[in-house]
Amino acid sequence: MSPPEPGQFEAPWQAQLFAVTVALAEAGALDWSDWSARFGAARANVPRDDASDYYDHWLQTLEEILVERGVVSAGTLGDLTAAWARAAAATPHGSELLLENDPGP
């Protein structure tokens, strides 16, 4: 399996992540060439036919840059990640996943 082509997403969150990254770059919250170089480095040791974690690397790269630039703190990012995981666990199958579904710690 090759890395996804632009506009080719396997899940809605991947398209949303792509759109958020572009919007952050356009707003000046991140430098596209810096993001691209870091993303390439994160993917450098992944076999070319394995794209299973392509967008996981994409997200990790984006998160690292946003924390470094002070756009979000690592603590806030961790809290949000945990809240989304709890919301996902509390959301019945087939229902829309919403952060409001987080029952809390």
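In these legends, two residues are in contact, or touch, when they have heavy atoms within 4.5 Å of each other. Keep in mind that this is a predicted model.

**View 1. Thr61 and its neighbours.** Let us start inside helix α3, which covers residues 54-68 and includes Thr61. Which residues does Thr61 touch, not counting those up to four places away in sequence? They are Trp35, Arg38, Phe39 and Ala42. With a relative accessible area of 2%, Thr61 is buried, since buried means under 20%.

**View 2. The buried side of helix α3.** Thr61 has company here: Tyr54, Tyr55, His57, Trp58, Leu62, Ile65 and Leu66 are also buried in α3. Together with Thr61 they cover an arc of only 165° around the axis, which puts them on the same side of α3. A helix pattern helps to make sense of this: an α-helix has 3.6 residues a turn, so residues three or four places apart point the same way. What do the buried residues of α3 pack against? Their partners are α1 (12-26) and α2 (32-43).

**View 3. Helix α3 from end to end.** The 15 residues of α3 should span 21 Å at 1.5 Å a residue. The C-alpha atoms at its ends are 22 Å apart, which agrees with that expectation. After α3 comes Gly70, which has a positive phi, near 75°.

**View 4. A network around Arg38.** Here Asp34, Arg38 and Glu68 are linked in a network of salt bridges. Asp34 and Arg38 meet through their side chains, with an N to O distance of 3.1 Å. Both of these residues belong to helix α2 and sit 4 residues apart, about one turn of the helix. Arg38 also forms a salt bridge with Glu68, where the closest N and O atoms are 2.6 Å apart. This second pair links distant parts of the chain, as Glu68 is in helix α3 and Arg38 in helix α2, 30 residues apart. How open to the surroundings are the three members? Asp34 is partly exposed at 29% relative accessible area, Arg38 is partly exposed at 27%, and Glu68 is exposed at 54%.

**View 5. Arg43 meets Asp53.** Another salt bridge joins the side chains of Arg43 and Asp53, at 2.8 Å from N to O. Arg43 lies in helix α2 and Asp53 in the loop between α2 and α3, so the pair ties together parts that are 10 residues apart in sequence. Is Arg43 buried or exposed? Arg43 counts as buried, at 12% relative accessibility, whereas Asp53 is partly exposed, with a relative accessible area of 23%. In total, the structure holds 4 salt bridges.

**View 6. A nonpolar patch on the surface.** Leu80, Trp84 and Leu97 make a nonpolar surface patch of about 260 Å². Leu80 belongs to helix α4, which runs through residues 74-90. This leucine is partly exposed, with a relative accessible area of 38%.

**View 7. Stepping back to the whole chain.** The protein chain has 4 helices and 0 strands, in the order α-α-α-α from the N terminus. Its C-alpha atoms fill a box of roughly 40 × 35 × 25 Å along the principal axes. Of the 105 residues, 24% count as buried. The accessible surface is about 6800 Å², and 56% of this belongs to carbon and sulfur atoms. Among contacts with a separation of 6 or more, 45% are between residues 24 or more positions apart.

Note on methods. Residues are numbered from 1 along each chain as its sequence is written. This is a predicted model: local features need pLDDT of at least 70, side-chain atom pairs count only at pLDDT 80 or more; totals for chains, interfaces and linings use all residues. Side-chain values use heavy atoms; hydrogens and water are left out. Patches are made of residues with over 30% relative accessible area and no salt bridge: like charges are joined within 9 Å, nonpolar side chains (Val, Leu, Ile, Met, Phe, Trp, Tyr) within 5 Å. Accessible areas come from the Shrake-Rupley method with a 1.4 Å probe; for residues, only the protein chains shown count as cover. Helices (H or I, at least four residues) and strands (E, at least two) are DSSP runs, numbered from the N terminus. Buried means under 20% relative accessible area, exposed over 50%, partly exposed in between (1.4 Å probe, protein chains only). The expected span of a helix is 1.5 Å times one less than its number of residues. The arc is that of the directions from the helix axis to the C-beta atoms.
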